[in-house]
Amino acid sequence: MAENGEGLGTVPEHERILQEIESTDTACVGPTLRSVYDDQPNAHKKFMEKLDACIRNHDKEIEKMCNFHHQGFVDAITELLKVRTDAEKLKVQVTDTNRKFQDAGKEVIVQTEDIIRCRIQQRNITTVVEKLQLCLPVLEMYSKLKEQMSAKRYYSALKTMEQLENVYFPRVSQYRFCQLMIENLPKLREDIKEISMSDLKDFLESIRKHSDKIGETAMKQAQQQKTFSVALQKQNRVQFGKNMHFNDRIPEERNEVELKRAFEEEDENEEEVLTVQDLVDFSPVYRCLHIYSVLGDEETFENYYRKQRKKQARLVLQPQSNMHETVDGYRRYFTQIVGFFVVEDHILHVTQGLVTRAYTDELWNMALSKIIAVLRAHSSYCTDPDLVLELKNLIVLFADTLQGYGFPVNRLFDLLFEIRDQYNETLLKKWAGVFRDIFEEDNYSPIPIVNEEEYKVVISKFPFQDPDLEKQSFPKKFPMSQSVPHIYIQVKEFIYASLKFSESLHRSSTEIDDMLRKSTNLLLTRTLSSCLLNLIRKPHIGLTELVQIIINTTHLEQACRYLEDFITNITNISQETVHTTRLYGLSTFKDARHAAEGEIYTKLNQKIDEFVQLADYDWTMSEPDGRASGYLMDLINFLRSIFQVFTHLPGKVAQTACMSACQHLSTSLMQMLLDSELKQISMGAVQQFNLDVIQCELFASSEPVPGFQGDTLQLAFIDLRQLPDH
């Protein structure tokens, strides 16, 4: 029952599989057949049996169909046999007709081939023309490029290269000649870079050589801008100094002529002024900058330019070893530096980005530090005040020139204050020599005058006021010697010389006034004071000369207020100003007088010692000579004459000198009596010594110098009267 059940179940399944095999594509037969084997065991045998039965059924159907159509096939074969003869005849006719057509078409074929060949040629010509029309502009542009290279129009050549690469070459890039051109362009670019760089190097070398001329022109322009103002300053200075300095009197008419001449020179110079563009051809820089910009290598060019200019800056800033010897050395140094920075300023304003303000400021700060160090070092060797003054004028012009181009120059003016101190030192050294010459040439005698003209000459040189002297008749004498007016004149000359340095320093009148007063104080307290002290200590200066020196210093001291007025008139700064520096003439000349007074006391005592050394007492004499010793009488006569000269001295000085001389004489006489080598003294020697003491007392009582009260001067010899009691 089970097997029968299986057989009944599998038969419909096998029929379904056979239907699928007959109806589906052969690619899907595999899965279908696989299902036969995946079913129940031995199912494939039954399927094969079913398949054989199906095949037999199909064979029977095919056989039936063939039997049904066999008669029709036989009839068709019979009809074909009937048309066979007609087909052969048709074949012969077609062959004959074809032969005839072939024979007739041979000429057509030849002509057709000629036409085809001509059309191919025509087409090729058209193609060639089209291609040549594409290539000719490229060749023309390349030829233009060669011409531009030959004419050294490199910037235009680079533009042509850009057009070739961007517009023309893409049209004909498939041709070999185009590839050769494309390969040649980088080489041309490198050639242009090398040539333009070579031009830039030539430019840098040229600009280095022309820096002097450029700087000189720029400084000349700056000087011309100040011409009129300087002329006005000179007029004002002459106005202030009028009737105050005998060597600097300039008539107003002459001053107006100088102003007019300054205007005319300024107008003439304006026509002759050359600009930096007139002196230098900057086209190599522009071309090179444009070329490197087009090549996209602008940064390389900028770095190279800045690096080379920094090297040139270091060379320009390097001074010559002997620069300090002449003003021309400083002028060359300044003109080179000005020329360098004028060029950089021009490059800054006419190019975009080649140099920047930050770059020029950095370069200027570096240069300024070097310049200040160089000037500070070299100026220290300058011992000539005229050279220092010329250096100052050059520095001011140098600073004003560069300031006009926007460079900060405050540090240069600060340096000028250092140089001003050095300038004052050189002036002090120079005037020390002037004062020494004046003192050496002085005769240390009152100035004699025989007429009114001579009197006015002295008064014009020195501000002396004495109503009593004015009332005296000629001939008469000024109390001071010739050195006094000369010194006064030289002090004013020194003030003028010091003022010259203060000009153009952009300082206020108050500061200039302060500088003048301080430098004048240095001249008085250090230079003149030192010269006076050295003069006083010189061995050949005697008592008479010392007396005249004291008188001279008194008048110089009184003239200090006129010097203060002189400075006030120059600067227009009142002496009542709180911060106005006073002149130290009072202390200067007072110290000199004290030194002279001390030297008078010393020399007077030395002279007394010289006379005392001539004493030749016979301490064993039996009888005195009856008159005072000769050496003592000579000494007293000398003292009388000297004290007569002392009448021109202040009373206290003469009294002190007289008292000091008497005390020193008394001490010297006592030392003779108390000498340890003196063993005994006879009465005759004592009486002779007493005669000498009497003469000393008589001299003291004769009031050789007025002003002593009572017997003050005689008391100097009182100790000698005590000796007999011993």
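Let me begin with what I mean by a cavity: on a 1 Å grid over the protein atoms alone, a cavity is a set of points where a 1.4 Å probe fits but cannot get out, and its lining residues are those with an atom within 4 Å of a point. What we are looking at is a predicted model, in which local features need pLDDT of at least 70 and side-chain atom pairs count only at pLDDT 80 or more, while totals for chains, interfaces and linings use all residues. Residues are numbered from 1 along each chain as its sequence is written, and side-chain values use heavy atoms, with hydrogens and water left out.

With that in place, a search of the whole structure finds 2 cavities of 30 Å³ or more. The largest holds about 50 Å³ of space, where a volume is the space filled by probe spheres set on the grid points, and those points are joined across faces, edges and corners. Its lining is made by I487, Y488, V491, L524, L528, L556, A559, C560, L563 and F589. The elements that give two or more residues to this lining are α17 (483-502), α18 (509-536) and α20 (560-571), helices here being DSSP runs of H or I with at least four residues, numbered from the N terminus. The largest share, 3 residues, comes from α17. What kinds of residue make up the lining of the largest cavity? They divide into 10 nonpolar, no polar and no charged, where Ala, Val, Leu, Ile, Met, Phe, Trp, Tyr, Cys and Pro count as nonpolar, Asp, Glu, Lys and Arg as charged, and the others, Gly among them, as polar.

The second largest cavity contains about 40 Å³ of space, and the residues that line it are F439, D442, Y444, S483, I487, L532, I549, N552 and L556. Here α17 and α19 (543-558) each supply at least two lining residues, with the largest share, 3 residues, coming from α19. This lining divides into 6 nonpolar, 2 polar and 1 charged.

Let me turn now to the surface and to helix α3. F73, V74, I77, L80, L81 and V83 make a nonpolar surface patch of about 550 Å²; for such a patch, residues must have over 30% relative accessible area and no salt bridge, and nonpolar side chains (Val, Leu, Ile, Met, Phe, Trp, Tyr) are joined within 5 Å. The areas come from the Shrake-Rupley method with a 1.4 Å probe, and for residues only the protein chains shown count as cover. Within this patch, L81 has its place in helix α3 (residues 43-150), and L81 counts as exposed because its relative accessibility is 55%, the classes being buried under 20%, exposed over 50% and partly exposed in between.

Finally, the salt bridges, each of them a side-chain nitrogen of Lys or Arg within 4 Å of a carboxyl oxygen of Asp or Glu: by this rule the count comes to 18. One of them joins D96 and R99, at 2.4 Å from N to O, and because these two residues are 3 apart in helix α3, about one helical turn separates them. D96 is partly exposed at 28% relative accessibility, and R99 is partly exposed at 45%. Another pairs D114 with R117, whose closest N and O atoms are 2.3 Å apart, again 3 residues apart in helix α3. In helix α5 (residues 176-225), D191 and K187 are 4 residues apart, and so about one helical turn separates them; K187 counts as exposed at 51% relative accessibility. As for networks, salt bridges that share partners join D96, R99 and K100 into one.

Methods:
1 Å grid on protein atoms, 1.4 Å probe; cavity = no way out; pocket = protein on both sides within 12 Å on 5 of 7 lines; lining within 4 Å. Patch = residues over 30% accessible without salt bridge, like charges linked within 9 Å, V, L, I, M, F, W, Y side chains within 5 Å. Buried < 20%, exposed > 50% of the residue type's maximum accessible area, 1.4 Å probe, protein only.
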